[in-house]
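Dear colleague,

I am passing on to you the structure that follows. Please look through it first; my notes come after it.

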Amino acid sequence: YSVTGIGENAFKGCSSLTSVTLPEGLKTIGIRGYDVCASLESINFPSTLTSIGDYAFALCAALKGEIALPAGVTSLPLGAFTGCESITSLTLPSTFKAIGIETFHNCKSLETVNLPNGLTGIGESAFCSCDKLASIILPQSLTDLGGTVFSGCPSLKSIAIPSGVKVIGRDMFAHCTSLETVSLSEGLTEI
């Protein structure tokens, strides 16, 4: 038998689980598939993966290092990695289009984020409370930037808003105590 999907809540709350090796051929990880696996430190993402469910890795506080998603994953849903306090870097494939609401909320160790040109949307609170995020380059393809995306990022020093973004949502930079420079585009109509 070949495994093509991890079901909803399949490993939720498996507090002693430390490592997961996902097989090639796996296409989906269901809603809350590995939610609250507090000891989970590492996971590989096979090249065949196309879908990650809401809160799939939420509150996996020990999950560390880089999250690098394969080309088949073109978006991340609600809270997929929220509360993963030990993730340090994020690399999204060139095919990636949208980051959902609270996807990386409270990823306190996240320092490096590589967003591809082609990304069109970042959901509300996507990077909220990422304490170590000092800089991020938003691609020119970005058109939708939800509210509170960078709220509570005390290390964020500078950011440039791409020309396709027309509205900066509420509390976008609230509590960004190190923010020195915000470059606004001419296309911006509302702050």
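Is Tyr-34 buried or exposed? Because its relative accessibility is 2%, Tyr-34 counts as buried. Please keep in mind throughout that this is a predicted model.

**Overall form**

The protein chain contains 0 helices and 14 strands. Read from the N terminus, every element in the order is therefore β, as in β-β-β-β-β-β-β-β-β-β-β-β-β-β. The radius of gyration of the protein chain is 16 Å, which agrees with the value near 16 Å that a compact globule of 191 residues would have. Along the principal axes, the C-alpha trace spans about 55 × 30 × 20 Å. Of the 191 residues, 47% are buried. Among contacts with a separation of 6 or more, 25% join residues that are 24 or more positions apart.

**Aromatic residues**

The search of the whole structure returned 9 aromatic pairs. In one of them, Tyr-34 and Phe-57 are stacked, with 5.4 Å from centre to centre and 0 degrees between the planes. This pair links distant parts of the chain, 23 residues apart: Tyr-34 belongs to the loop between strand S3 (28-29) and strand S4 (42-43), and Phe-57 to the loop between strand S5 (51-52) and strand S6 (65-68). Phe-57 has a relative accessible area of 0% and is therefore buried.

Phe-57 also forms a stacked aromatic pair with Phe-81, at 5.2 Å centre to centre and 10 degrees between the planes. Why does this pair tie together parts that are 24 residues apart in sequence? The reason is that Phe-57 lies in the loop between S5 and S6, whereas Phe-81 lies in the loop between strand S7 (75-76) and strand S8 (87-91). Both Phe-57 and Phe-81 are buried.

These residues belong to one aromatic cluster, formed by Phe-11, Tyr-34, Phe-45, Phe-57, Phe-81, Phe-104, Phe-127, Phe-150 and Phe-173.

A further ring has a charged neighbour: Arg-32 lies over the face of Tyr-55, at 4.3 Å from the ring centre.

**Cysteines**

How many disulfides does the structure hold? The number is 0. Cys-37 is in no disulfide, and the nearest cysteine sulfur, which belongs to Cys-60, is 5.0 Å away. A disulfide requires cysteine sulfur atoms within 2.5 Å, so this pair does not qualify. Cys-37 counts as buried because its relative accessibility is 0%. Cys-107 is likewise in no disulfide; there the nearest cysteine sulfur is that of Cys-130, 5.3 Å away. Cys-107 also has a relative accessibility of 0%, so Cys-107 counts as buried.

**The segment after the strand S14**

Where is Ser-185 placed? Ser-185 is found in the segment after strand S14 (181-183). With a relative accessible area of 15%, Ser-185 is buried, because the cut-off for that term is under 20%. A polar atom of the Ser-185 side chain lies 3.3 Å from the backbone oxygen of Pro-162. Leaving aside residues up to four places away in sequence, Ser-185 touches Ile-161, Pro-162, Ser-163 and Val-165.

With kind regards

How values were computed. Residues numbered from 1 in each chain as written. Predicted model: local features only at pLDDT ≥ 70, side-chain atom pairs only at ≥ 80, totals over all residues. Heavy atoms only, no water. Phe/Tyr/Trp six-rings, centres within 6.5 Å; stacked < 30°, edge-to-face > 60°. Helix = DSSP H or I, 4+ residues; strand = E, 2+ residues; numbered from the N terminus. Buried < 20%, exposed > 50% of the residue type's maximum accessible area, 1.4 Å probe, protein only. Lys NZ or Arg CZ within 6 Å of the ring centre and 35° of its normal. Polar contact = N/O pair within 3.5 Å; in protein donor to acceptor, adjacent residues only side chain to side chain. Contact = heavy atoms within 4.5 Å. Rg over C-alpha atoms; globule rule 2.2 N^0.38 Å.
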